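Grab a pencil and work through these exercises with the model open beside you. Try each task before you read its solution.

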Amino acid sequence: MKKSPRRQLALSFLLIFGVIAAGTLGYWALENWSFLDSLYMTVITITTIGFKEVHDMSGPGRFFTIFLIFSSVGAVFYSLNNAARILLEGELKDVFGRRKLQSTIKSLRGHYIICGYGRMGRVICKEFAAMGADFLVVEKAPELELTLQRDLLLLQGDATRDEVLREAGIERAQGLVTVLPTDAENLYVVLSARGINPGLTIVTRAVEEGSEQKLLRAGANRVVSPYHIGGLRIAHSVLRPAVADFIEFTTRSGNIDLQMQEVPVLEGSSVAGRTLSESGIGRDLGIIIVAVRKPDGTMKVNPTHRHAISPGETLVVIGEPEKLKLLEEMSGGQRPPR
């Protein structure tokens, strides 16, 4: 079992202290020298300085000195070896680890940046990982590096700084989520991100009531208020438990029975230009069309079977995962990574 660097250093210091103590006691017992003379002789012997002996030594004292020299040389070399290995391995690990991280980030395209790894950030990362999305975490607290899951990509830094966002590859990113502790920090991130990448999808959290409009004016596409949503969820769980259970069932990650999904319709797909009835989405695949989001962002809920599907629209559907994959192939679109 490999010893930790702290244990290796402690053992090294213990060995050196032990050799000095043994040498001092040995000279004191064999030669009847004073404590200072015994300690001084031990130190100049261990360091191989080569000064003259403090006093003339007897035969047993000379044999003891030979033994002390070999013992001290071994202990010193062992200690220096441990110190050098810990120092070099630590520095090299930091250098190569940083370069590997930078190389990995540069290879990312269309990824997501999550700013903040608090309680909400952990939930977001877990969901992104379950959906197979490429993302990285920007967190300025250095102690979180040890608590983060090893399969998460972490960039340590202040997300409110432009250079950190650029290092995270914001110019190539598809979206950014900022869930920093305060609205002021989230506002800084939104302003910086929107200025660097005007086409970026930005979602942020609003901590205080009344901050939503400020964050939207700053450039956020969506603002989420956890307390508002949590309150509604609790109220619905009490007043409309069946509805709350259905929403949770269809949006839960890894559900193999039924899922709610959005499917974009691309130009030239087999369903573009057809009505919902002609496409056979409901009849052949058994998929329920909940809503249709038009390119301008407006939402048409519960469209009729005569609705004509146009390229650029996004279908919000509920169905079995395997049937949803078939619909994605028919629409020519690609759902968010899973």
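**Exercise 1. Find out how exposed Met260 is, and which surface patch it belongs to.**

Step 1: Start with the accessibility. Met260 has a relative accessible area of 34%, so it counts as partly exposed. The cut-offs are under 20% for buried and over 50% for exposed, with partly exposed in between (1.4 Å probe, protein chains only).

Step 2: Place the residue. Met260 sits in strand β7, residues 259-264. Helices (H or I, at least four residues) and strands (E, at least two) are DSSP runs, numbered from the N terminus.

Step 3: Look for its partners. Val243, Phe246, Ile247 and Met260 make a nonpolar surface patch of about 330 Å². To join such a patch, a residue needs over 30% relative accessible area and no salt bridge; nonpolar side chains (Val, Leu, Ile, Met, Phe, Trp, Tyr) are joined within 5 Å, like charges within 9 Å. The areas come from the Shrake-Rupley method with a 1.4 Å probe, and for residues only the protein chains shown count as cover.

Step 4: See who contributes most. Helix α10 (residues 241-251) supplies the largest share, three residues.

A word on the ground rules: this is a predicted model, where local features need pLDDT of at least 70 and side-chain atom pairs count only at pLDDT 80 or more, while totals for chains, interfaces and linings use all residues. Residues are numbered from 1 along each chain as its sequence is written, and side-chain values use heavy atoms, with hydrogens and water left out.

**Exercise 2. Describe the protein chain as a whole.**

Step 1: Count the elements. The chain has 13 helices and ten strands.

Step 2: Check burial. Of its 338 residues, 37% count as buried.

Step 3: Check the surface. About 20600 Å² is accessible, and carbon and sulfur atoms hold 60% of that.

Step 4: Check the contacts (heavy atoms within 4.5 Å). Among contacts with a separation of 6 or more, 60% are between residues 24 or more positions apart.

**Exercise 3. How many disulfides does the structure hold, and are Cys115 and Cys125 buried or exposed?**

Step 1: Recall the chemistry. A disulfide is a covalent bond between the sulfur atoms of two cysteines. The test here is a pair of cysteine sulfur atoms within 2.5 Å.

Step 2: Apply it. The structure holds zero disulfides.

Step 3: Now the two cysteines. Cys115 is buried at 0% relative accessibility, and Cys125 is buried too, at 2%.

**Exercise 4. Map the surroundings of Thr178.**

Step 1: Locate it. Thr178 is in strand β4, residues 175-178, and is buried at 0% relative accessibility.

Step 2: List some contacts. Beyond its neighbours within four places in sequence, Thr178 touches residues including Cys115, Asn186, Val203 and Arg205.

Step 3: Pick out the polar one. The side chains of Thr178 and Asn186 make a polar contact at 2.7 Å. That term means a pair of N or O atoms within 3.5 Å; within protein, one must be able to donate a hydrogen and the other to accept it, and residues adjacent in sequence count only if both atoms are side-chain atoms.

Step 4: Look along the chain. Ile113 is 65 residues away in sequence, yet its C-alpha atom is 8.1 Å from that of Thr178.

**Exercise 5. Which residue forms a salt bridge with Glu313, and what else does Glu313 pair with?**

Step 1: Set the rule. Side chains of opposite charge can pair when their charged atoms come close. For a salt bridge, a side-chain nitrogen of Lys or Arg must lie within 4 Å of a carboxyl oxygen of Asp or Glu. The whole structure has six.

Step 2: Name the partner. Glu313 bridges to Lys294, with the closest N and O atoms 3.3 Å apart. This pair links distant parts of the chain, 19 residues apart: Glu313 is in the loop between β9 (299-301) and β10 (314-319), and Lys294 in the loop between β8 (288-293) and β9.

Step 3: Compare accessibility. Glu313 is buried at 3%, whereas Lys294 is partly exposed at 29%.

Step 4: Add the histidine. His307, also in the loop between β9 and β10, is buried at 7%. Its side chain makes a polar contact of 3.4 Å with that of Glu313. His307 also contacts Lys294, among others.
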